[in-house]
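Student: I should like to study a single part of this model closely and not the whole of it. Please choose one part, and explain each technical term when it first appears.

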Amino acid sequence: DKAFTPDEAQTILRAASASRDAVKHWVPWLCAYSGARAGEITQVRGQHIEQRDGFFAMKLTPEAGTIKTRTARTVPLHEHLLEQGFLDFAKARGRGPLFYTPVTKREDDPLNPRTPKAAMLRMEVAAWVRKIGVDDPGVSPNHSWRHLFKQIAERHGISERVSDAITGHAPTTAGRGYGAPNLEDMARELGKFPRYNA
């Protein structure tokens, strides 16, 4: 199984809650409640945390950095994230990247290109997860949130179509691509997703 076990998820989220480092604190929680790739989260900008149609959401966009599908998507924020103060954190960070301070543009060496800061933070979170004891080589320290999100969504009656839209998975057929779930559909279904006890 590529998903975290309940104990592994709890270990990570408890450590995240105790961490004063914004990356280690928020990235696991955001991945846990969205199934997003960690690299999509580490590059999120404050300007992409928005309220739309009465729901709070984050926009994951190639404009901010690498998105595997190269397609932007808007993901509702689980109410537990709001209760933990994520909106206050995002507001305090301003419109730019939430998890790092951008540097002024410098010339990259084409033979030795610089690793983007968001990618470095993603790797930092992965190393930290291993350090706190989630060391099963069969699970990915970041990507396993995607597997766990899909498992939990299925168990709690969230349709595959909606969980695919939240996680950014392509529809399995051309027909399923028509009439994609909107933010209200996704937020309503995400309301079925249980809270983590950590």
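Tutor: The answer below follows the sheet from one edge to the other and then looks at a residue of its last strand.

This is a predicted model, in which local features need pLDDT of at least 70 and side-chain atom pairs count only at pLDDT 80 or more, while totals for chains, interfaces and linings use all residues. Residues are numbered from 1 along each chain as its sequence is written, and side-chain values use heavy atoms, with hydrogens and water left out.

Three strands make up an open sheet, in the order β1-β2-β3, with antiparallel pairing. Strands (E, at least two residues) and helices (H or I, at least four) are DSSP runs numbered from the N terminus; two strands pair if DSSP finds at least two bridges between them. At the edges of the sheet stand β1 and β3, each of which pairs on one side only.

Consider the pairing of β1 with β2 in this sheet. These two strands run antiparallel and share four bridges; within β2, F56 is the bridge partner of Q51. The loop between β1 (49–52) and β2 contains D53. This residue is not a glycine, and yet D53 has a positive phi of about 55°. D53 is also exposed, with a relative accessible area of 61%. Exposed means over 50% relative accessible area, buried under 20%, and partly exposed in between (1.4 Å probe, protein chains only).

The other side of β2 (residues 55–60) faces the next pairing to examine. There, β2 and β3 are joined in the antiparallel sense over four bridges, and A57 stands opposite P76 of β3. As a general rule, side chains in a regular strand alternate between the two faces of the sheet. In β3 (residues 73–76), R73 and V75 lie on one side, T74 and P76 on the other, and all four are buried, so that both faces of the strand are covered.

R73, which belongs to β3, deserves particular attention. This arginine counts as buried because its relative accessible area is 9%. Its side chain makes a polar contact of 2.8 Å with the side chain of E40; a polar contact is a pair of N or O atoms within 3.5 Å, and within protein one must be able to donate a hydrogen and the other to accept it, while residues adjacent in sequence count only if both atoms are side-chain atoms. A polar atom of the R73 side chain also lies 3.0 Å from the backbone oxygen of I166. Neighbours within four places in sequence aside, R73 is in contact (heavy atoms within 4.5 Å) with residues that include A36, R37 and E40, then M58, K59 and L60, and also R146, A165, I166, T167 and G168.

The mention of I166 leads to helix α8. This helix spans residues 160–167, and its buried residues are V162, S163, D164, I166 and T167. The elements that cover them include β3 itself, together with α2 (22–34), α7 (144–155) and α9 (183–190). Just after α8, G168 takes a positive phi of about 85°; this glycine is also one of the residues in contact with R73.

In short, β3 is an edge strand of the sheet, and yet both of its faces are covered. Its residue R73 has polar partners in the side chain of E40 and in the backbone oxygen of I166.
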